[in-house]
Amino acid sequence: MKNVLIIDKNYLPYWLRQLRKTMTLIAPLRAGNEDVILNVIENIHEIELNCPASIPSPKEFLFPQKEDMFKFSAGTTDVLKDDTRRLIFGVRSCDISAIALLDRFFGEHFTDDYYMSRRKNSIFISMVCNDPDPTCFCLGLGTGPSLKSTFDIQLTDLGDRYMVETASKQGATLIKRHIYLFAQPKKSDYEDQYEILLSAQAKFEKRINLESARQKILGERISDRFWDWMSKKCFECGGCVYACPLCTCFNVLDNVESENHGTRLRVWDTCMFKGFTRMAGNIWPSEKKGTRIKQWYFHKLIYYPEHFGKFGCVGCGRCTITCPGHIDMATIAHKIDIGDRRSR
Amino acid sequence: MKRITKDIYLPSMAEIVEIINMTANIKLFKIKPRRLFPYKPGEFIMLSLWGKGEVPISITSTYGFHTYIELCIKRVGYITSAIHMLSPSDEIGIRGPFGNSFPIEKAKGKDIIFVTGGLGIAPLRPLIHSVMNNKKQFKKVALVCGSCTPPEILFKDDINAWQKKRMQIILTCEKKSKDWDGNTGLVTEYLNTPKISFKDAFAFICGPPVMIALTMENLHGMGMNENHIFTSLEAHMKCGVGKCGHCYVDGKYICTEGPVFSYAEIKDRRLYKH
């Protein structure tokens, strides 16, 4: 299935412009306040590829922060489903790896049609990270900086041209219609790609060993006191959860517009919030902050590998940037790994 | 586990046929679903009120034995308070049934003890009914039922009917009063009262979290097999299908992998130790 081609950088805007005719183009865009976010692109030249890998994850296009599920009015219901066709351009390998896991989570047992409907209509063109951020640690997890499969289309920046790898049927159709823009790769292209990958791998500053942290937890070397210590620095802001490309918890709410009319919607929720598990009658399984933090790390380091055979972390480093208390995945896993039991 | 692809979040409608006041804050709702709605003892439904929200409620009727789906609901929170305001012929939404069920097949030919605390009798009632309706398949059956005060003993008619079918019944209330001269104290004090052979028996327990934990530990201490002691757990839930994450504790979704767990599955976990 995998197919390799070369596209001249000058042709890329034209290719995207052609693709945009049949679907909505979403790409990194510098917003008014200088932050780069993924957004709908009006002008192709506004696409900002020169941005950190840690821009908000594309999770929100598959599992939006707020999603209307159905409208209800006097006994009748209307299911609302998003079937916009989206081309999401310029996301990174870590996010593509996260989406591969989300597909399994939302697709197993009871299939989540809201996610699946959006997923079915989304195609991703991902970028190999030539310059990983100082917070990135995808290398050790095999979720980046480049991928071998699981992507639709993957671009590697080779200076004046991109290497275009295709690994899915959906991806192949995007190329097939515009094959005249692409050239066959030469030996020098492969050599350049190899060099770029090597240099990208060498640029990683963080070397986090989640497997070693997992083994230490499984060996019961980490007491609940450790989590209580860490929790002293938690602001309960939920930033880690919202930023995480793999966090999927949600709350369901009814928005009443008038009597008997309204919308049932779901919004992102976080296990870091105190009320997350509280039941009526004040039965409260995770009242303590330490318990909640432990739950988040156990979910990602223990339960995910148990269930999916993969960590619930892709090493994107977003929690490292977001957490005001510096108790993010990289820090905690490192502390566990080296046996640092101090609270500071 | 089976794959289900229809819209898992959309409730189907059901009509309230009858409402019975059980105690000052507990009502029994009999509801009639619009579609065919088969269920097994131990399963729960997501009960939905448009504009209010959804709550997981265990089914307290037995499929094929009771005409309607019966739900025993205590007024404790926002949604249950709203449900208590409803009257017959009102419509509510239901989704499900969700969760696993009590493994009653395994208990065939064995003694059984049911231990309930307060409203905990509600999820066990369908199971007790199906055991008592097939009494010949089981040996001795006993029920230890704890309540706060005598008026709060739920399903008295059912308990009398079961007693007539030769079920050993031990009722206990918190303290003596002028209308109660029976047993007093917690259910855990009466666990060894029933005349059954504990070594080979099956236990089904439901009640407040503390009571569940103590009862399971005690029964195991009395020599029961940890794989023969079952309980039904509760949790905050928003979806009922293992997606929303609210009931995810210790690597288990209570909604899809539970709510019925054996003591062996949960004894080392945080699942029931609140």
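This passage describes two sheets and the contact between two chains in a predicted model. Residues are numbered from 1 along each chain as its sequence is written, and chains are lettered from A in the order in which they are written. Because the model is predicted, local features need pLDDT of at least 70 and side-chain atom pairs count only at pLDDT 80 or more, whereas totals for chains, interfaces and linings use all residues.

In chain A, an open sheet of eight strands (E, at least two residues, taken as DSSP runs and numbered from the N terminus) has mixed pairing and the order β3-β2-β6-β7-β8-β9-β1-β10, where two strands pair if DSSP finds at least two bridges between them. Its edge strands, β3 (36-40) and β10 (182-183) of chain A, each pair on one side only. Strand β2(A), residues 24-30, is joined to β3(A) by five bridges in the antiparallel sense, and within this pairing A27(A) has N39(A) as its bridge partner.

In chain B, the open sheet has six strands in the order β4-β3-β6-β1-β2-β5, with antiparallel pairing. Since β4 (53-58) and β5 (69-74) of chain B stand at the edges with a single partner strand each, one side of each is left without a neighbour in the sheet. Strand β2(B), residues 26-33, pairs with β5(B) over six bridges in the antiparallel sense, and F29(B) stands opposite L71(B) there.

Between the chains, 33 residues of chain A are in contact with 34 residues of chain B, contact meaning that the C-beta atoms of two residues, placed from the backbone, lie within 7 Å. On the side of chain A that touches chain B, β11(A) gives the most, with five residues.

Terms used. Helices (H or I, at least four residues) and strands (E, at least two) are DSSP runs, numbered from the N terminus.
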